[in-house]
Amino acid sequence: MWKRISLVVAFVLLALATAFVLRPDSPTVKEIGMNRTTTSGDGTTIAYTKVGSGPPLILVDGAFCYRENGPASQLAPLLAEHFTVFAYDRRGRGASSDAPAYAIEREVEDLQSLVREAGGSALAVGISSGGALALQAAARGVNLKGLALYEPPFIEDDGHPPSFEMQKTRLNQFVSAGDRAGAVRFFMTDIYGAPKPFVAVMPFVMRSAWKKNLSVAHTLPYDLTLLEDWSVLRDRSTSVTIPTLVMGGEKSPAPLKNAVATVAGALPNARRMYLRGQDHNFSAAAVAPVIVGFFSTPPQASSN
């Protein structure tokens, strides 16, 4: 199982690295919208940017990502032509605060606070492990009107979901010792199997991205907690009745494609779609029109 997962995520990391190195600098979400904060249920401050006009839509980022790091800066402006986009820093990232102990329920409350700022209901786009968080929110009663998920990596082997308890403990040990670089390296190599020489040169060839990754190293166990909770697909999936699109890339490895099918197949009102020429490091220009089309089309019967 671990060999399969490692190969998949090594592919993902290499694709992301290429994108960071080759893409030109562009404004971050914070530079193109109105920056505000809201307060979550446990008192945590959640920072967000509001941009665009139209029905409210919330972007939910995956591991390492926040408003200044990841795909939101490319995706938000395109979606803002059709929606009022809320991009936020998940707890512990960017300008958002955190709490001493992590629980999925607290992250769901964070998303609920964004829904409240959006007027009481919203659409949601979840990217990678952010898709797992968006699913948790929908299953726990947050008033989401529709979901668009891109490759939520619920990867299984022989029908068994993985457990990340040992890996989370090790990550927390690195962070407690003040070794954020060690935590990032461990996450990329020991957990997900990226080549060690590649990770070794990242601080030099991807300096800005590396520093941003270090700043959120303590949140990596949060994403692992989300990805090992398969109850949202097996025990509570029937409660997620809202229209859901689960997207993947035609060029992604088979286990990620299978994860798309697994998630779509578990939900009563979902369909899956594989985008030509795309992989886990998707092009915002390719994905945005699909999201706009899905949320603009009257709900149809499930085709998962």
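Select K168 first: in this predicted model the residue has a relative accessibility of 9% and therefore counts as buried, the cut-off being under 20%. Add E228 to the selection, which is also buried, with a relative accessible area of 19%. The side chains of K168 and E228 meet in a salt bridge, with 2.6 Å from N to O. Colour helix α5, where K168 lies, and helix α9 (residues 220-228), where E228 lies, and the pair can be seen to tie together parts that are 60 residues apart in sequence.

Keep α5 (165-176) in view and step back into the loop between β6 and this helix, where E156 is found. What does E156 form with R234? The two are joined by a salt bridge whose closest N and O atoms are 3.3 Å apart. R234 belongs to helix α10 (residues 231-234), so that selecting both residues shows a link between distant parts of the chain, 78 residues apart. E156 has a relative accessibility of 23% and counts as partly exposed, and R234, at 46%, counts as partly exposed as well.

Select E68 and K30 next, whose side chains meet in a salt bridge of 3.6 Å, N to O. E68 sits in the loop between β3 and α2 (72-79), while K30 sits in the loop between α1 (2-22) and β1, so this pair ties together parts that are 38 residues apart in sequence. E68 counts as partly exposed at 31% relative accessibility, and K30 likewise counts as partly exposed, at 27%. For a selection of four residues, take R90, R93, E107 and D223, which are linked in a network of salt bridges. The count of salt bridges comes to 13.

Now hide the side chains and show the strands. Eight of them form an open sheet with mixed pairing, in the order β1-β2-β4-β3-β5-β6-β7-β8. At the edges are β1 (34-39) and β8 (270-275), each of which pairs on one side only. From one strand to the next, the twist averages 25°.

Start at the β1 edge and select β2 (residues 45-52) beside it: the two strands run antiparallel and are joined by six bridges. Within this pairing, M34 stands opposite K50 in β2. Then bring up helix α3 (residues 104-117), which packs on the sheet and touches β1, β2, β3 (56-60), β4 (84-88), β5 (122-127) and β6 (144-150). The direction of α3 makes about 120° with that of β1.

Move along to β7 (residues 244-249), a strand that is mostly covered, with six of its six residues buried. Display its side-chain directions and two sets appear: T244, V246 and G248 point one way, whereas L245, M247 and G249 point the other way, and all are buried.

Which strands pair with β7, and in what sense? β6 pairs with β7 in the parallel sense over four bridges, and β8 pairs with β7, also in the parallel sense, over six bridges. For a residue to select in each pairing, take L149, whose bridge partner in β7 is V246, and L245, which stands opposite R271 in β8. Following the chain from β7, the path crosses through helix α11 (residues 254-266) to β8, and this β-α-β crossover is right-handed.

Turn next to helix α2 and select A72, S73, L75, A76 and L79, which are buried. Why do they lie on the same side of α2? They cover an arc of only 165° around the axis, which puts them on one and the same side of the helix. An α-helix has 3.6 residues a turn, so residues three or four places apart point the same way. Extend the selection to what surrounds them, and the buried residues of α2 are seen to pack against β3, β4, β5 and α12 (284-296).

Finish with the whole protein chain displayed, which has twelve helices and eight strands. Colouring by burial marks 55% of the 304 residues as buried. If contacts between residues at least 6 apart in sequence are drawn, 77% of them join residues at least 24 apart.

Note on methods:
Residues are numbered from 1 along each chain as its sequence is written. This is a predicted model: local features need pLDDT of at least 70, side-chain atom pairs count only at pLDDT 80 or more; totals for chains, interfaces and linings use all residues. Side-chain values use heavy atoms; hydrogens and water are left out. Two strands pair if DSSP finds at least two bridges between them. Axes are lines fitted to C-alpha atoms, for helices over the stretch in contact, and angles run from 0 to 180 degrees between N-to-C directions. Contact means heavy atoms within 4.5 Å. Buried means under 20% relative accessible area, exposed over 50%, partly exposed in between (1.4 Å probe, protein chains only). A crossover is right-handed if, with the strands pointing away from the viewer, the path from the first strand over the helix to the second runs clockwise. The arc is that of the directions from the helix axis to the C-beta atoms.
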